[in-house]
Number of protein chains: 2
Amino acid sequence: MLYEGGEEGTMNVTIKDVAKRANVAPSTVSRVIANSSRISQRTKDKVREAMKELGYHPNFNARSLANQNTKTLGVVMPNSANKTFQNPFFPEVIRGISSKARELDYGLYLSTGQTEEEIYQEVQNMVQGKRVDAIILLYSRVNDRVMNYLYEQHFPFTVIGRPYDEKNMDITYVNNDNYRASKMVTEYLLLLGHERIAFIGGNLDFVVTVDHMEGYKDALENAEVAVRNDFTVFHEELQEGGQEAVIDLMSLPERPTALVVADDIMTFGVLRMLDEMGISVPEDLSIISFNNVLISELSHPPMTTVDINIYGLGYEAANCAIEKIMNPEIETKQVIIPHRLVKRQSCKKNEASISTS
Amino acid sequence: MLYEGGEEGTMNVTIKDVAKRANVAPSTVSRVIANSSRISQRTKDKVREAMKELGYHPNFNARSLANQNTKTLGVVMPNSANKTFQNPFFPEVIRGISSKARELDYGLYLSTGQTEEEIYQEVQNMVQGKRVDAIILLYSRVNDRVMNYLYEQHFPFTVIGRPYDEKNMDITYVNNDNYRASKMVTEYLLLLGHERIAFIGGNLDFVVTVDHMEGYKDALENAEVAVRNDFTVFHEELQEGGQEAVIDLMSLPERPTALVVADDIMTFGVLRMLDEMGISVPEDLSIISFNNVLISELSHPPMTTVDINIYGLGYEAANCAIEKIMNPEIETKQVIIPHRLVKRQSCKKNEASISTS
DNA sequence: ATGAAAGCGCTAACAG
DNA sequence: CTGTTAGCGCTTTCAT
């Protein structure tokens with residue numbers, strides 16, 4: 001039943017035990033662990049042998065204490081009380097982060113805070129308690145206390161998204177060009193002959209929402225289509241938000257013929273509500289969305305959406321964070337992960353306009 | 001710009017600095033941190049004052065080293081290479097775990113392994129490297145190396161799900177009664193007049209799949225309906241699996257009139273494929289699923305599914321893990337989280353049978 | 001009620 | 001190339 005397993009089940013075997021067993025000094029063992037080049041192959045073999053025999057595993061805390069580093073990355077999620085958290089976006093970024101972290105032998109420490117205040121406290125503990133070597137922020141809020149704190153402390157960190165106030169905060173971040181993506185998407189709808197294009201955004205506290213909105217507006221303005229207030233709505237909750245937005249928009253005397261929706265999950269809500277109302281997509285209404293999470297292709301109808309390469313965002317963020325750890329003096333950098341439109345079946349030419357065009 | 005912030009930006013303030021400032025010994029400061037009852041209130045105040053002034057934060061690694069505990073829980077996910085990972089199940093369990101962990105001031109350390117081997121190595125490091133005080137396994141595979149290892153080491157851990165070999169492994173776990181849930185669901189379909197009920201299971205390496213299958217079979221047998229091999233299929237990948245399963249099943253000379261599907265996300269795949277084939281749910285085919293993740297209500301049509309209280313699973317698992325830490329001699333326990341059927345619109349009476357009944 | 005000192009397990013000068 | 005030694009920052013006997 002026992003899988004391999006060291007000698008004893010119990011007492012911790014330390015570097016000293018190994019040293020004794022191998023007839024060398026503890027420091028030598030330490031050097032072998034670090035695979036120092038100044039140790040003879042013979043000794044290395046001898047020590048490694050002893051380690052194996054005793055089932056030695058280095059104690060992480062001791063090492064961190066002596067080293068002043070932890071080989072772990074702190075990952076900060078938005079407050080988990082919120083349902084945003086349920087977005088499949090998160091497992092996917094984490095997969096990306098994990099992947100890079102693994103490559104370079106970093107571990108992941110997760111924030112668990114449910115409120116902004118809790119998160120702030122936690123981050124403080126991570127930083128000052130030396131629990132992590134760097135932090136990755138999985139969101140970027142408009143005036144974020146946590147980000148400000150990290151910035152002031154000169155603690156290595158990366159954000160996924162971007163600081164709202166980019167001019168005054170020189171920060172390393174990984175982001176999509178959400179402005180351009182949103183603009184492009186709106187233009188696409190315009191090209192399909194739509195003019196009454198509504199926008200359903202997320203929480204306006206998030207920078208991504210602002211960027212989406214501006215892209216949308218600029219596209220309309222460039223096309224000389226008026227931006228209407230009743231056509232831009234924002235909702236915090238993903239699913240309910242999508243549903244409520246539809247109610248608002250479809251109650252308007254003049255209904256939109258196309259929708260730009262901030263998030264795929266929200267789009268699921270939108271589609272559901274539309275279905276209940278008997279409005280068909282894309283026949284009566286075209287929809288285009290953002291993120292391309294895995295289930296997106298399974299909506300009814302399959303949604304056209306912008307793939308933002310979530311995995312890549314995570315991977316790059318981890319990369320930047322680790323670079324910062326290795327070289328704290330490194331200049332900040334801004335990585336833009338390319339997006340791409342994934343055409344499926346939720347968009348269609350606007351029939352009404354065809355005659356007029 | 002600076003948020004509060006201690007005195008200096010730079011050098012680490014330690015317990016000694018605080019001691020000096022407060023005119024006490026380091027040990028006294030330590031006792032104040034632990035809020036020892038043998039310290040006068042006066043001294044406590046004085047020390048706390050000094051801590052505040054200096055912006056003191058305890059060093060976690062030092063503390064862990066001295067204490068032999070870390071106040072952190074290791075969370076082990078299934079291999080993240082697999083797409084299983086994208087299941088919204090995970091954010092939700094983690095939310096549950098976080099919640100309990102927070103209450104008791106525990107942190108979360110996440111496994112990042114992409115292969116079984118990597119995970120095994122990682123867990124070994126967590127355990128022997130004293131990185132965590134206990135481990136929560138987020139899955140239960142049929143003959144899991146990690147679980148066996150933890151068991152052999154007598155390391156505190158909990159699994160979500162259950163050991164396959166329950167008789168021989170006395171393990172604390174948190175689970176649903178997946179057998180009963182599956183049986184109930186099948187019986188429900190039977191009551192609706194269905195007899196040709198097919199079963200689409202997940203990866204047979206997971207214990208939950210086995211339990212589902214047995215519940216399904218027993219329900220049929222009790223009703224004296226023959227269990228047909230061509231009606232039980234298993235698929236690993238969630239979305240593709242669902243789609244492929246449908247192809248298999250609908251190619252059969254005698255098609256099923258109802259489906260029991262192992263997972264909501266899989267059901268999305270099933271619904272998508274069915275839609276493409278022009279088979280309508282629930283008119284032509286009834287479907288019932290498991291998990292009730294958040295988006296489940298947004299399928300087309302909204303799916304009937306079994307709510308397994310994912311959050312609760314996580315919360316209880318964390319609870320058990322921490323109990324084990326506090327009292328390693330505590331007896332193992334098995335917690336069953338209740339499930340409940342959430343009726344929506346994917347099931348319907350079997351018309352064919354109505355006449356014959 | 002508080003201080004002195006040893007030690008948790010490892011690393012990193014400094015010697016040789 | 002390898003050993004000696006002094007910490008890393010905190011906790012915890014053992015004194016007082």
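Which side chains meet in a salt bridge at 4.0 Å, N to O? In this predicted model, the partners are B:Arg102 and A:Glu122. Across the interface of chain B and chain A, three salt bridges are found by the rule applied, and the contact is further marked by 22 residue pairs in polar contact, both residues of a pair being at pLDDT 80 or more.

Several elements of chain B give two or more residues to the side that touches chain A, namely helix 4 (60-67), helix 5 (89-103), strand 2 (107-110), helix 6 (116-128), helix 7 (145-153), helix 10 (238-250) and helix 11 (264-277). Of these, helix 5 of chain B provides the largest share, which amounts to seven residues. When the residues on the side of chain B that touches chain A are divided by character, 23 are nonpolar, 27 are polar and 14 are charged.

The extent of the contact can be described both by residues and by area. Chain B contributes 64 residues and chain A contributes 64 residues, while the area buried between the two chains is about 6300 Å², with carbon and sulfur atoms giving 57% of that area. The interface also includes pairing between strands, since strand 2 (residues 107-110) of chain A is joined by three bridges to strand 2 of chain B, the two strands running antiparallel. Within this arrangement, A:Leu108 is placed opposite B:Leu110 in strand 2 of chain B.

Within chain A, an open sheet is formed by six strands, which follow the order 7-6-8-9-10-12 and are paired in a mixed manner. At the edges of this sheet lie strand 7 (232-234) and strand 12 (340-342) of chain A, each of which pairs on one side only. On average, and with direction ignored, neighbouring strands of the sheet are turned by 20° against each other.

One pairing in the sheet of chain A may be described in further detail. Strand 9 (residues 286-291) and strand 10 (residues 304-307) of chain A run parallel and are joined by four bridges, and A:Asn291 stands opposite A:Asp307, a residue of strand 10 of chain A. Helix 11 (residues 264-277) of chain A packs on the sheet, where it touches strand 6, strand 8, strand 9 and strand 10 of chain A, and the direction of this helix makes about 155° with that of strand 9 of chain A. Helix 10 (residues 238-250) of chain A, in turn, lies across strand 6 (197-201), strand 7 and strand 8 (258-261) of chain A, and runs at about 150° to strand 6 of chain A.

Conventions:
Residues are numbered from 1 along each chain as its sequence is written. Chains are lettered from A and ligands numbered from 1 in the order in which they are written. This is a predicted model: local features need pLDDT of at least 70, side-chain atom pairs count only at pLDDT 80 or more; totals for chains, interfaces and linings use all residues. Side-chain values use heavy atoms; hydrogens and water are left out. Two strands pair if DSSP finds at least two bridges between them. Axes are lines fitted to C-alpha atoms, for helices over the stretch in contact, and angles run from 0 to 180 degrees between N-to-C directions. Contact means heavy atoms within 4.5 Å. Buried area is the accessible area (1.4 Å probe) that two parts lose on being put together, summed over both. A polar contact is a pair of N or O atoms within 3.5 Å; within protein, one must be able to donate a hydrogen and the other to accept it, and residues adjacent in sequence count only if both atoms are side-chain atoms. Ala, Val, Leu, Ile, Met, Phe, Trp, Tyr, Cys and Pro count as nonpolar, Asp, Glu, Lys and Arg as charged, and the others, Gly among them, as polar.
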